[in-house]
Amino acid sequence: MAVDAAALIRHKREGQRLDARQVHAIAKGISDGSWCDAQIAAFAMSVAWRGMDAEETRALTLALCDSGSRLRWDGLPGPLLDKHSTGGVGDCTSLLLAPLLAACGGYVPMISGRGLGHTGGTLDKLESIPGYTINPLDARMRAVLADAGCVIVGQSDALAPADRRLYAVRDVTATVDVPALMVASILSKKLAGGAQALVLDVKVGSGAQLAHEEEARDLADRLLDAAAGSGMQVRAAISDMDQVLGNSAGNALELREVLDLLSGRGGGARLLELSIALSAALLQMGGLASDEDTARGMILRALESGAAAERFERMVAGLGGPRSLFADIDAWLPRAPVQRAIHAGRAGFVGEIDVRGLGHVVGLLGGARSQAGQAIDHAVGLSAVLGLGATVSAGQPLAIVHARTPAMAESVAGRVLGAFRIDEEAPALPPLLRWHRPGVRA
């Protein structure tokens, strides 16, 4: 019997709850093509207007997940661990976390995405590496996971196809930020990916998708509510994005920073600390460490011994990239021909940063998309970006612009300078990470 799409849309539009049967009918109509784009848009807008309670959101999450196949990873001798971030400028924790966990005995089948708005995407960063294949055949993906312990790839056509189509409609109908639809989209793909334990990094602040603390807490609550009973262990953290997470923003520049950290050449202390904290939680959730101190010790040994770097290089080589990535990073990663330092006009302390503005600068330089399918320049962006509270002398560089031409560097110089406020006193710094405890919502 055909699903009456109009009746289901009207039901939600008028403020009525959808039961699990109705939600699954909606997901089936979206995935099999019997719902047109206009009906999908009307459904998304009705959810934006009326919302969904925890049970409806959980039902939608499972329905989107079940619209396609679920990945199974039988026979691996360790726990399946994963992480999702809501996105931030300079956030490349996935690229550190995956090899760290693999070097400690975990297996990380990570389905990642491209950049969204002012925030960069993990897949775009990995495509800075020549030959890296983000959509490998299933057999190759499984072989790489078994060998390297981690594999970071894109969503296949078979994975949560209803979510793929629903998201495409949401992207052009001002419904991307609808909480229930965000939750269902995030968790449906993670459940389909087959992980046993998942850490959710909900970012808040100037450089995040969510600017306000209450929004971040609400989303974390909703994510945990929807994941309850799924069979997957889930924890949520709220992390600060009122400054660039590492020292860089831009695809190849962030990847270079990750490679430097993995090989012991230094890099962003906040980026490293957040990656260690999230990794330590997953090691405990997966039964590989009994407590946080033990987990951190395992992670530091994986870094210092080079084991994590070796896992990353095996993953890259297995997916078509170079086998000598760490031996000669400059030979493999693209560099922009123009570097221009942006100098502070006065002495003091970095008191505030428009991190979202810095993310948009990367896009203006060509390092992000303004429309789907657009080619990007992996080499451009910002490096040596100062953080909140940094002591600044007059004329000191606040950041270095990496651009394709001198004119492009000049065109963003004022924006970069204007993103930094220099104060006479150092600001109070928010905590980098807080583990979230679900609140009670009416």
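User: What makes β5 and strand β12 paired strands, and in which sense do they run?

Analyst: In this predicted model, 3 bridges join β5 to strand β12 (residues 433-435). The definition of pairing asks for at least two bridges. So 3 bridges are enough, and the two strands count as paired. They run antiparallel. One position to look at is I238, which stands opposite R434 in β12.

User: How do you know that β4 and β5 pair as well, and are they parallel or antiparallel?

Analyst: Count the bridges again. Strand β4 (residues 197-204) is joined to β5 by 8 bridges. At least two are needed, so β4 and β5 pair. These strands run parallel. Look at D201 here: A237 in β5 stands opposite.

User: What makes strands of a sheet hold to one another as pairs?

Analyst: Strands of a sheet pair through backbone hydrogen bonds, in either a parallel or an antiparallel way.

User: Which helix belongs to the β-α-β unit with β4 and β5, and what is the hand of the unit?

Analyst: The helix is α10 (residues 213-227). Together β4, α10 and β5 make a right-handed β-α-β unit. The term right-handed is used because, with the strands pointing away from the viewer, the path from the first strand over the helix to the second runs clockwise.

User: Why is strand β5 called mostly covered?

Analyst: Strand β5 spans residues 233-240, and 6 of its 8 residues are buried. A residue is buried when its relative accessible area is under 20%.

User: Why is L382 called buried?

Analyst: Its relative accessibility is 0%. The cut-off is under 20%, so L382 counts as buried. L382 is found in strand β8.

User: Which residues does L382 touch?

Analyst: Leaving out residues up to four places away in sequence, L382 touches N247, S248, A249, L253, L358, V361, I400, V401, H402 and V416. Now compare positions along the chain. L382 and G90 are 292 residues apart, and their C-alpha atoms are separated by 9.5 Å.

User: In what order do the strands of the open sheet with β6 and β8 stand?

Analyst: The order is β6-β10-β8, with antiparallel pairing. The edge strands are β6 (338-343) and β8 (381-383), and each pairs on one side only. From one strand to the next, the twist averages 30°.

User: How do you know that β6 and β10 pair?

Analyst: There are 6 bridges between β6 and strand β10 (residues 397-403), in the antiparallel sense. At least two are required, so they pair. Q339 stands opposite H402 in β10.

User: Which helix lies across β6, β8 and β10?

Analyst: Helix α17 (residues 406-418) does, running at about 25° to β6.

User: What makes β9 and β11 edge strands?

Analyst: Their sheet is open, with the order β9-β7-β11 and antiparallel pairing. β9 (391-392) and β11 (420-423) each have a single partner strand, so one side of each is left without a neighbour in the sheet. Strand β7 (residues 348-353) pairs with β9 over 2 bridges. The requirement is at least two, so 2 bridges suffice. In β9, V392 is the bridge partner of G348.

User: How do you know that the radius of gyration agrees with a compact globule?

Analyst: With 442 residues, a compact globule would have a radius of gyration near 22 Å. The protein chain has 22 Å, so the value agrees.

User: How many helices and strands does the protein chain have?

Analyst: It has 17 helices and 12 strands. Of its 442 residues, 54% are buried.

Methods. Residues numbered from 1 in each chain as written. Predicted model: local features only at pLDDT ≥ 70, side-chain atom pairs only at ≥ 80, totals over all residues. Heavy atoms only, no water. Buried < 20%, exposed > 50% of the residue type's maximum accessible area, 1.4 Å probe, protein only. Helix = DSSP H or I, 4+ residues; strand = E, 2+ residues; numbered from the N terminus. Rg over C-alpha atoms; globule rule 2.2 N^0.38 Å. Axes fitted to C-alpha atoms, helices over the stretch in contact; angles between N-to-C directions. Contact = heavy atoms within 4.5 Å.
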